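Here is a friendly walk through one chain, with helix packing, cysteines and a few unusual backbone spots along the way. Keep the viewer open as you read.

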Amino acid sequence: MVVKVYGPDYASPKRALVCLIEKGVEFETVGVDLFKGEHKAPEYLELQPFGSVPVIQDGDYTLFESRAIARYYAQKYKHQGTDLLGKTIEETGLVEQWLEVEAQCYSPPITDLIYKIVLDPIRGLTPDPKLIKESEDKLCKVLDIYEERLSKSKYLAGDLFSLADLSHLSLTQYLMGKMRKEYLIRDRKHVSAWWDDISSRPSWKKVIELWPGLY
C-alpha cells in the first residue's frame, strides 16, 4: 500500500519525504493548508491530535512526528536504499546522538528565526531585530560546534551520510533561501562543504523541486 504523507509544503514533512526517497519507498502526498486552519479540522485531529504536520498513513498504521517517521522507515527498510542508521551499534549510537543534537540544539534557534523572519511578516507582524539577533547568536554557537566536528569527519556521525545529516536539510534550506542568511553556513568552511554535499543529493533536490513551500 502506498504511504500517505500529509503536509508536504512545510519543513517538518520534508524530513519524512527525503527519507522515503532515500529508502526508495513509494508514497503520495496530501496537502494540509496551515494558514487556512486545515490542521485543526476534526478529521485531521483524529490523525494528529496536536494539529501539526506531518502525519503518515501506511496501510492501517498511522504515525506522526517527522523524526519518528524518519527513524521508522530507516529501520523498516534498513536493507533497502541508503543505509541511514549505520552498520554497527556504535555507528547507530553516533547517528542517534547527532539526531538529538539537531532536535534539541539546532532546531530551536533556527525555527525561531524562521518564525520571526519568514512567518511573522505573513501574519502581519513586524520582526523584532533584537530577538532575531538573540536567535542567530544561539544558532551560531551550535554551528561553531558543528564546524569543529566536521573538521574531523565528513558527516556528523562519521563517514556515512545518515539520518543525522538528513534531518538538517529542511530547516537549513531556509537559511540559504528566503532568510538570506547563507553567510551563517558559508562563513564556516567545513559546515559549508557539508551543506553543499548533503543538499546536492538527488533526494533533496527532488523534494524542493516538487514541494518548494516557502523556500
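Let us begin with one arginine. Setting aside residues up to four places away in sequence, Arg67 touches Arg15, Glu102, Ala103, Ser107 and Ser167. This is a predicted model, and the contacts here are computed from its atoms. Arg67 sits in helix α3, and it counts as buried because its relative accessibility is 19%, where buried means under 20%. Its C-alpha atom is 8.4 Å from that of Leu99, although the two residues are 32 places apart along the chain.

**Helix packing**

One of the partners of Arg67, Arg15, leads us to helix α1. Two packed helices are described by the angle between their axes and the distance between the axes. The table sets out three such pairs.

| Helix pair | Axis distance | Crossing angle |
|---|---|---|
| α1 (residues 11–23) and α7 (residues 169–176) | 7 Å | about 125° |
| α1 and α3 (residues 66–76) | within 8 Å | roughly 10° |
| α4 (residues 89–122) and α5 (residues 129–150) | within 8 Å | roughly 155° |

Take α1 with α3. Their axes cross at roughly 10°, and that makes α1 roughly parallel to α3. On the α1 side, the contact is made by Ser12, Arg15, Ala16, Cys19, Leu20 and Lys23, which meet Ser66, Arg67, Ile69, Ala70, Tyr73 and Ala74 in α3. Sorted by character, the residues of this contact are seven nonpolar, two polar and three charged.

How does α1 lie relative to α7: parallel, antiparallel, perpendicular or oblique? With an angle of about 125°, the two helices are oblique to each other. Here Ala11, Lys14, Arg15 and Val18 of α1 meet Leu169, Ser170, Leu171 and Tyr174 of α7. The residues of that contact divide into five nonpolar, one polar and two charged. Arg15 is worth a click, since it appears in the contact of α1 with α7 and also in the contact of α1 with α3.

Now for α4 and α5. The crossing of roughly 155° is over 145 degrees, and the two helices are therefore roughly antiparallel to each other. The crossing of α4 past α5 is left-handed. From α4, the participants are Leu94, Trp98, Val101, Glu102, Cys105, Tyr106, Pro109, Ile110, Asp112, Leu113, Lys116 and Ile117. Across from them in α5 are Leu131, Ile132, Ser135, Glu136, Lys138, Leu139, Val142, Leu143, Tyr146 and Arg149. This contact comprises 15 nonpolar residues, one polar and six charged. Glu102, which takes part in the contact with α5, is also among the residues touched by Arg67.

Another residue to look at in α4 is Tyr115. At 40% relative accessibility, Tyr115 counts as partly exposed. Leaving aside neighbours within four places in sequence, it is in contact with Asp120 and Arg123. Tyr115 and Pro127 are twelve residues apart in sequence, and their C-alpha atoms are 9.0 Å apart in space.

**Cysteines**

How many disulfides does the structure hold? The count is zero. A disulfide is a covalent bond between the sulfur atoms of two cysteines. For Cys105, the nearest cysteine sulfur is that of Cys140, 15 Å away. Likewise, Cys140 is in no disulfide, and its nearest cysteine sulfur is that of Cys105. The surroundings of the pair can be compared through accessibility: Cys105 counts as partly exposed at 38%, whereas Cys140 counts as buried at 16%.

**Backbone details in the loops**

Three loop positions deserve a look when you inspect the backbone. A cis peptide bond joins Val53 and Pro54, with omega about 10°. Pro54 lies in the loop between α2 (42–45) and β3 (55–58).

Which residues other than glycine have a positive phi? One of them is Glu65, with phi near 80°. Glu65 is in the loop between β4 (61–64) and α3, and its relative accessibility of 43% makes it partly exposed. Arg180 is not a glycine either, and its phi is positive at about 55°. Arg180 belongs to the loop between α7 and α8 (183–186), and with a relative accessible area of 68% it is exposed.

Methods: Residues numbered from 1 in each chain as written. Predicted model: local features only at pLDDT ≥ 70, side-chain atom pairs only at ≥ 80, totals over all residues. Heavy atoms only, no water. Axes fitted to C-alpha atoms, helices over the stretch in contact; angles between N-to-C directions. Helix = DSSP H or I, 4+ residues; strand = E, 2+ residues; numbered from the N terminus. Parallel < 35°, antiparallel > 145°, perpendicular 65-115°, else oblique. Left-handed = near helix turned anticlockwise from the far one by under 90°. Contact = heavy atoms within 4.5 Å. Nonpolar A, V, L, I, M, F, W, Y, C, P; charged D, E, K, R; others polar. Disulfide = S-S within 2.5 Å. Buried < 20%, exposed > 50% of the residue type's maximum accessible area, 1.4 Å probe, protein only.
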